[in-house]
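Colleague: I'm new to this one. Can you walk me through it?
Modeller: Sure. Have a look, then ask away.

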Amino acid sequence: MGRGFLEAFFPNFRLKEELPMAIFLQVVLDGLLNGMLYALITVGLSLIWGVMDVINFAHGEFLMVAMYVTYWLGFLMNVDPLISWIASAAFVFILSVIVYKLVISQLIGKPPLSALLATFGLSMLIKNICLNRFSPNFKLLSDTYLGGRVIPMGDLILPLPQLVIAIVSLIVITCIYRFMTRSRTGWAIQATAMDRDAAELMGIDTSKIYALVFGIGGACVGVAGGLLPMYMPVHPEAGSLFSLIAFVCVALGGFGSIVGSLLAAILVGLVEALVGFYVAPIFKYVAVFGLYLIVILIRPKGLFGW
Amino acid sequence: MTDFALEVRDLYAGYEGVPVLHGISFEVKEGEIVAIVGANGAGKTTTLRTVSGLLRPKSGFVKFYGEDVTGLPAHVMVRKGLTYVPEGRRIFGKLSVKENLELGAFKEENREVVEQRLEWVCSLFPILKERLNQKAETMSGGEQQMLAIARGLMSAPKVILLDELSLGLQPSLVEKVLQIVTEIRRYGVTVLLVEQRVLEALEIADKGYVIQSGRVVMSGSSKDLLESEEIKRAYLGM
Amino acid sequence: MSCTKRGRKLWYGVLLLIAVLPLIPGPLQSPFAQHVLVLTLLFACMSQAWNILGGYCGQVSFGHSVFFGIGAYGAGMAVVTYGLTPWPGAIIGALLAAIVSLIISYPCFRLKGHYFAIATFAIVEIFNRLFMVWYWVGGALGLDYPIIEEGWKNFMWFQTKTQYYYGAFGLFILIFSFVRWMEVNKLGYYLKAVRDGQEAAEALGVNSTAVKLTAIAISAFLAALCGAFFVQYNLRVDPPMVMSLDMSMRFVLITILGGLGTFWGPLLGAAILIPLQEYSRAIWGGLGGGVDLIIFGILIVLIVTRQPKGVMGFINLLTTRFKATKGGDD
Amino acid sequence: MALLEVRNLTKKFGSLVANNDVSFDVEEGAIVGLIGPNGAGKTTLFNCISGVYKPTSGKVFYDGTDITGWPPHKVARLGAVRTFQVVRPLIDMTVFDNILVGAFLRTSKLEVASEIAESCLKMCHLDDHRDKKAGSLTIGLKKRLELARAMATQPRLLMLDEVMAGLTGTELKEAIDVIKDIKSRAITLLVVEHIMEAIMPIADKVVVLDSGVKIAEGPPSEVVQDERVIAAYLGEKFSKRLREMKA
Amino acid sequence: EEKVIKIGTLFPLTGPVALAGQRCKAAVEAAVEVINNSYPDIPVPLADQEGILGGYKIVLIHADHQGKPDVGKSEAERLFDQEGVFAIIGSYNSAVTKPASMVAERRKRIFMCGASSSAALTKRGTRYFFRIAPTDETESIEFVNFIKWLNETEGTNYKTFGVIYENTEFGKHAAQEAKKAIEEAGFEYVADVAFNPGATNLNSEVQMLKGKNPDVVFGACLGADYILWIKTMKQLSWLPKVSLNYCSGYQDPLIAKQLGGDGDYFMGTTGYSPELAELMPAVAPVEEIYKSKIDPPVPFDSDSIQEAVAMLVLAQAIEKVGSLDTEKIVDALYANEWDSPLSLGGKVAFAPGGQNIKAMSTITQLIGGEYRRVFPEEFANAEPVVPMPSWDQRK
Ligand SMILES: Nc1ncnc2c1ncn2[C@@H]1O[C@H](COP(=O)(O)OP(=O)(O)OP(=O)(O)O)[C@@H](O)[C@H]1O
Ligand SMILES: Nc1ncnc2c1ncn2[C@@H]1O[C@H](COP(=O)(O)OP(=O)(O)OP(=O)(O)O)[C@@H](O)[C@H]1O
Ligand SMILES: CC(C)C[C@H](N)C(=O)O
Ligand SMILES: [Mg+2]
Ligand SMILES: [Mg+2]
């Protein structure tokens, strides 16, 4: 088989080398921060999936749209992402609700795969509309307030944009979690997820609930997309890999479980960082997807699935 | 104006191109127990689904206390005071019994009122009281059926539609449940009942309608129906 | 049983139609039209292979591009790496795909619904990335065919597409006949039974594990044959071309669009989606603004929201309406 | 030797004991009724016999073979077939195809299977619904479909879990005839039913469970008189009516 | 009968590298504009006359291959068979150019390739395939020569090398050539960092570089990844002493602008950038036309300009032969040295296999948004700033 199998797969296998603790900590920190970002994207997807049983293939595109909103607000009106993310989230919320009304609502209760097909079409549509309108150019906000800033902590470097994203992510997820478990609407959402007709019979306006859930799911990813341009360039393909990772996180955490999504996303972030550094960067997603398979072997319904 | 709690006229409905109801009409007075009986597949469930708003009728109308409510979605009907307890239980399996019951009172925002109703249904169904924290899906078939009724009552409806109430209940419970139905009426709730146990149903009902292939083929007071030869032959197996 | 008689007539009719399609003079004889026809047949075949597992057996897999890819690499390596004809490579690839599918199914079949789907999703990504760095199979550089003799021996032609067309037609007959046979035999019923209710099926004596394994192995085998055809057609293979989520999605989309778990679904889906994709690209692709993909996206959304059960759902609706009106006359 | 022997069967869910040391026999050719209050553990017992659950302890013998813990499809192949209380139709398949799946257990030939399915279809009065999707049937019809499908496997032991629930009196009569018909084909039956009017006239023996424990076993006429059964299960009104019926 | 010559273009107009594809398309359009119309002021061959062959106009038929080889192949077939184009110009991605140019080869038609950089393309023994741009192989060698030159003249002592590249056809190929060149020159190849394009983050990649701390890093990162790579290096406050880049990310003037100061001091090969204009006075007027065809208007970059050259050289060959006889044109293409004011060095000539042996590029360094020519000496207009100032030394 040509050159040795192992050598082929691990061109820069490097576990043997001694590495200082500080680097390890830095890798873990980066993984953690990225994990928090994934969590924000995952929660939205998970919510939609868990409640409506709709696989939103356009999730990554919602992210991309949010990034564009922030970009344009920054570029045309000089609004910093630190502020404009709110607008981006709101924009995607509205976009999601519109998408729900126009497309998804017609597919509720229909074969579940039809929604998949529709969102796939949507993703293609959104991506290429952005390509058409905004050109395929990579757009980067040059002078954001936090862009490139770091807090040095001894040997460790704490990147501020990522830190802010992580904090916002934690806040948003906590809010959603409390909303889902403590509020009456949250209850209604759970009931709707379990049995739509029965929920309707409890006096719950389930189409409103669906629109709301789709909107919240979109808003979550909108928050993420609104903050990302602090250090990420925007272009029509920007959402693709994020959504891929989010899909795995959702299943890894267990569909519809918010805590599960959070933990799964952090786990994925860590594995990605550690494997990327200690094995080889190209294997980081192999490891992430492999991790999913292993976890699912032990817990077929994900970490927190019921 | 009209003294009907529920009035249904010429209802046509069906599923995806398959017509099931062909002009159903009936009426229920406030405080009555009305039974709808009929063979398997006659359209009883479809009738209740249409009245409760889960299914949109093709034509015809439904009036609730004189107000035209045709085609209103189910959640609006619940708010108006009409609750449907569907066949096949449809409880929220992953939630506890208590959570199921509280969801039943979803439209009620006052905690105290909810607590009161909880106590009320627990007194009607003592078994539930013992199981308040059990996951609903692990309860036996009969227990689930009782939970479904109790949950329906939690919304304190003016009119309750009960579908296949006794399905899968042990004999003593059938007796009990039917007794509860008569009790419910004493709390001022109007009952529309669908039952296969024609005999038992008619025994507690004031009035009955017989549905066959989506049409009302017979109606009258329970007594008359119970004595009718046709009913005896076709439904009581005598 | 008049129903099956009509079915047989339809089947022979379609076979005949496909057989003579490239012989019809006129627009269909242009090389591009022939290209569209070849792709349509190929993707109909591939979607049908997917349909065995995804439609009939209800295990919606996003992982079929792995099998497709293994078949493609089988043929590709036979020609490029070992200088053979593609035939042994295709067969070995297909067998390997079946074996790989069985190994994969061990963890995956314990999973239900979406968990299964995401697991297969993960598997594609793993395979894709491993193949990208695996020197033996060409890694990211892929395999490019040398210029060798054309003809059936090497299964490649440069001037015309007619032979490719009949090659695809052969594949079509193989796969569709198999599914036709399956539909009216124990296997077909068992597949559907497992899809609609595994526990109920088991209570009726159906060994659901065995049934699912059979389904995935056959499905993977046939998918790999399609993959082999695909490389022979494109004369190049690299991981993103054949082993990507994108490719998997196409099989799923075509089948859903045509009608999941129906015999004609994959053919109808391919007959709509592939020409739509190819012609819209030919007409609008050159504009450069992704106009073709925008239109493509809109059409998909429109079709699905109009008829969530796919084209077959639409046809079924028409026939029941037709029957109903006829029944009314009687 | 009895066709089915249940020996000291116990099934626990965590701390809940659903079946507690249950033993009884089902003799070849008999109709055995299994009754008991809601939640007594009847369905759980069915699940243990048919292989859906593994019993916590105890054994199940079928025709002398120890089938404890066998997977469901193997049990079914031996000839012990059950229906589900919570109906499980193969929703996207037609009624006829549902039955056909059962019929394929004993043959691989479509023609043969079709014949079997056809006769079961007739037997359960499902002719009118032949080409309907099973998912669109009403509950009552789905129950009949469960029965037809199980019959199509040509079982030796048929275990019915509340197939007669939801029938009107007249339909019940027909159903009883069907069951008698089944019995006449030398098929042994184990029947769970809450409708006493149905079970009492046909059962050779009735086993009563309460809270997972067997509390009575014997001919129907005796069981109906049993104070414990009346208290736990029948209630006054029904026991009176049943006694009247007998009279 | 209308006097037109149809030429097909085949670029990735959608998909991950749509940006480059659309620029390439516009570049070819600009060249055609020059050829078809009379621009006596533009010092480019064929500019002063209208059309070629005595009034024939070139008509472009555009096709989109989405970055997918299979699509590229079938679109190439469509262009030849359906649209009846005389030749094709394309396809940017080497992975697509390979199968697409084979289509031309088998039909004995000309395939002009501007920017695809895989060296393998011109080692296939083809007759009808011509490539203008320098290959990754030549660029890698030039990179290494540059470092040698630095070590000799600037007194630096750079020995260790690393490569960061996207794990695709393009990146992998560039990395292979880099490794070969580095090792042949006797330098140490210490870090081989491949990543998946479209990355969500490049932390571990940069950590890895930082851990190995090579003196010189070669980069093969496209657009968004290039930006992310630099941003991540800044965050982890690490830089190599010299960074040399292949292809697009570094060369994209828009990206350079957006990166601002962060993009400074990086280097890369450049076949063209506005700062090279003084060497190539003919570019400016063509560039004006090009700018009108792309939104937002950007100057030529090294990739797109090669596509324009491809068009111009092909047109010159047709004009020279005087007929649309493919065989004669091919022979002419091999036999002559072509004037190419849009190419650095001003000449194009093809070796057997189709490589432009006159292909040249400079190494530039980006400072203050300006690409300064630093190597080879004959083109240089500035001294390279090495080592790059570390992040905290910048403003
Ligand atoms: N979801 C559905 N889709 C299509 N047809 C349906 C659906 N549900 C019910 N039907 C059909 O509608 C008819 C009437 O059904 P309905 O449920 O109203 O009967 P029912 O009187 O309640 O019967 P049962 O007593 O068995 O519950 C039946 O023929 C049934 O097959
Ligand atoms: N999977 C399970 N997990 C936990 N408890 C269970 C489970 N299945 C059944 N039980 C419990 O076991 C007891 C027996 O249930 P089972 O379904 O066997 O009753 P049954 O006799 O069939 O009642 P019914 O006549 O109402 O159908 C019930 O209390 C039920 O809550
Ligand atoms: C993708 C690219 C940057 C193009 C590259 N020059 C190639 O040959 O593939
Ligand atoms: Mg009903
Ligand atoms: Mg039970």
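Modeller: One term before we start. A polar contact here is a pair of N or O atoms within 3.5 Å. Also, this is a predicted model.

Colleague: Good. Then which oxygen contact does D:Thr43 make with ligand 2?
Modeller: A polar side-chain atom of D:Thr43 sits 2.6 Å from an oxygen atom of ligand 2.

Colleague: And how far is the backbone of D:Gly41 from ligand 2?
Modeller: For D:Gly41, a backbone N or O atom is 2.8 Å from an oxygen atom of ligand 2.

Colleague: Which atom of ligand 2 does D:Tyr53 meet?
Modeller: A nitrogen atom. The side chain of D:Tyr53 has an N or O atom 3.4 Å from that nitrogen of ligand 2.

Colleague: How much of ligand 2 does the protein bury?
Modeller: The protein buries 85% of the 640 Å² that ligand 2 exposes when taken alone.

Colleague: Why is the site of ligand 2 called shared?
Modeller: Chains B and D both put residues around ligand 2, so the site is shared between chains. There are 21 residues around ligand 2. Among the closest are B:Thr138, D:Asn38 and D:Lys42.

Colleague: Which elements supply at least two residues of that shell around ligand 2?
Modeller: From chain B, α6 (141–153). From chain D, β2 (16–26) and α1 (42–50). The largest share comes from α1(D), with 3 residues.

Colleague: What about classes: how many nonpolar, polar and charged residues are in the shell around ligand 2?
Modeller: The shell around ligand 2 has 7 nonpolar, 12 polar and 2 charged residues.

Colleague: Switching to ligand 1. Where does it lie?
Modeller: Ligand 1 lies between chains B and D. It has 19 residues around it. The nearest are B:Gly41, B:Thr45, B:Thr46, B:Gln196 and D:Thr138.

Colleague: What are the polar contacts of B:Ala42 and B:Glu87 with ligand 1?
Modeller: B:Ala42 uses a backbone N or O atom, 3.2 Å from an oxygen atom of ligand 1. B:Glu87 uses an N or O atom in its side chain, 3.2 Å from an oxygen atom of ligand 1.

Colleague: And on chain D, how far is D:Gly140 from ligand 1?
Modeller: A polar backbone atom of D:Gly140 is 3.4 Å from an oxygen atom of ligand 1. As for cover, ligand 1 has 630 Å² of accessible area on its own, and the protein covers 84% of that.

Colleague: Which elements give two or more residues to the shell around ligand 1?
Modeller: They are α1 (44–52) of chain B and α5 (139–152) of chain D. The most comes from α1(B), with 3 residues. By class, the shell around ligand 1 has 6 nonpolar, 9 polar and 4 charged residues.

Colleague: New topic. How many cavities of 30 Å³ or more are there?
Modeller: The count is 11. The second largest has a volume of about 160 Å³.

Colleague: What lines that second largest cavity?
Modeller: It is lined by 14 residues. Those closest to its centre include D:Arg144, D:Leu167 and D:Val178. Both α5 and α6 (169–184) of chain D give two or more residues to the lining. The most comes from α6(D), with 5. The lining divides into 9 nonpolar, 1 polar and 4 charged residues.

Colleague: Why does the second largest cavity lie between two domains?
Modeller: In chain D, domain 1 (2–79 + 158–246) and domain 2 (87–154) both give residues to the lining, so the cavity lies between them.

Methods:
Residues are numbered from 1 along each chain as its sequence is written. Chains are lettered from A and ligands numbered from 1 in the order in which they are written. This is a predicted model: local features need pLDDT of at least 70, side-chain atom pairs count only at pLDDT 80 or more; totals for chains, interfaces and linings use all residues. Side-chain values use heavy atoms; hydrogens and water are left out. A residue is near a molecule or strand if one of its heavy atoms lies within 4 Å of it. A polar contact is a pair of N or O atoms within 3.5 Å; within protein, one must be able to donate a hydrogen and the other to accept it, and residues adjacent in sequence count only if both atoms are side-chain atoms. Accessible areas come from the Shrake-Rupley method with a 1.4 Å probe; for residues, only the protein chains shown count as cover. Helices (H or I, at least four residues) and strands (E, at least two) are DSSP runs, numbered from the N terminus. Ala, Val, Leu, Ile, Met, Phe, Trp, Tyr, Cys and Pro count as nonpolar, Asp, Glu, Lys and Arg as charged, and the others, Gly among them, as polar. On a 1 Å grid over the protein atoms alone, a cavity is a set of points where a 1.4 Å probe fits but cannot get out, and a pocket is an open set with protein on both sides within 12 Å along at least five of seven lines; lining residues have an atom within 4 Å of a point. Grid points are joined across faces, edges and corners, and a volume is the space filled by probe spheres set on the points. Domain bounds come from an automatic or database domain assignment.
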